[in-house]
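Got the viewer open? Let's take a walk through this one together, stop by stop.

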Amino acid sequence: MTLRASIGAAVIAAAALVMAAFPFEYTSAEGVAVAGSTTVSLHVEGMTCASCKIAVRTALSKLDGVRNTSVDVANKSATIEYDPRKVTLQQLVDAVNRLGYQASLPAQSGS
Ligand SMILES: [Cu+2]
């Protein structure tokens with residue numbers, strides 16, 4: 001029956017779309033391909049107290065894909081464990097910057 005055939009075609013098309021939208025290999029901004037989880041330390045300027053620390057940590061935790069965040073005010077850093085398939089490094093930086101702090105990407109260890 002043609003209806004059944006067209007449903008089958010639609011399912012195949014949908015599957016093809018999903019595969020196209022989610023390529024198998026993910027490459028993070030640092031050029032490191034990671035499966036599921038990666039950790040980055042952002043440099044964060046402007047944090048001065050415990051409230052800043054909580055604000056940054058909370059904002060980061062709200063992002064889908066962020067698993068763990070630890071913020072160190074003294075060292076001006078935020079260490080984030082995240083799933084690069086769900087959230088990008090730029091989104092992490094933006095979340096901190098929206099609060100009024102200045103987050104920057106860590107200097108890459110050169111090759
Ligand atoms: Cu503060």
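Before we start, one bit of vocabulary: two strands count as paired if DSSP finds at least two bridges between them. Keep in mind, too, that this is a predicted model.

**Stop 1: the whole chain.** Show everything as a cartoon. You should find three helices and four strands, and following the sequence they come in the pattern α-β-α-β-β-α-β. Of the protein's 111 residues, 17% count as buried.

**Stop 2: colour by confidence.** The mean pLDDT of the protein is 82, with 64% of its residues at 70 or more. Select residues 2-21, which is helix α1: confidence is lowest here, with a mean of 60, while α2 has the highest, at 98. Now move on to residues 22-28, where pLDDT stays under 50. For that stretch the model has nine contacts beyond four places in sequence.

**Stop 3: the sheet.** Hide the helices for a moment. In what order do the four strands of the open sheet lie? The order is β2-β3-β1-β4, and the pairing is antiparallel. Pick out β2 (66-72) and β4 (102-104): these are the edge strands, each with a single partner, so one side of each has no neighbour in the sheet. Turn the view and you'll see a twist: on average, neighbouring strands are turned by 25° against each other, ignoring direction.

**Stop 4: β1 and β4.** Select residues 38-45, strand β1. Three bridges connect β1 to β4, and the two run antiparallel. To find one of these pairings, click Val44, whose bridge partner in β4 is Ala103.

**Stop 5: the helices on the sheet.** Bring the helices back and select residues 50-61. This is helix α2, which packs on the sheet and touches β1, β2 and β3 (77-82). Its direction makes about 165° with that of β2. Next, select residues 89-98 for helix α3, another helix packed on the sheet. Which strands does α3 touch? They are β1, β3 and β4, and the direction of α3 makes about 30° with that of β1.

**Stop 6: the hairpin.** Finish with β2 and β3, an antiparallel pair joined by six bridges. Click Val66 and look across to β3, where its bridge partner is Tyr82. Then follow the chain round the hairpin, which has four residues between the strands; Lys76 takes a positive phi near 55° there.

**One last look.** Zoom out to the full chain again. Among contacts with a separation of 6 or more, 60% come from residues 24 or more positions apart.

Definitions and conventions
Residues numbered from 1 in each chain as written. Predicted model: local features only at pLDDT ≥ 70, side-chain atom pairs only at ≥ 80, totals over all residues. Axes fitted to C-alpha atoms, helices over the stretch in contact; angles between N-to-C directions. Contact = placed C-beta atoms within 7 Å. pLDDT = per-residue confidence, 0-100. Buried ≥ 20, exposed ≤ 12 C-beta atoms within 10 Å, placed from the backbone.
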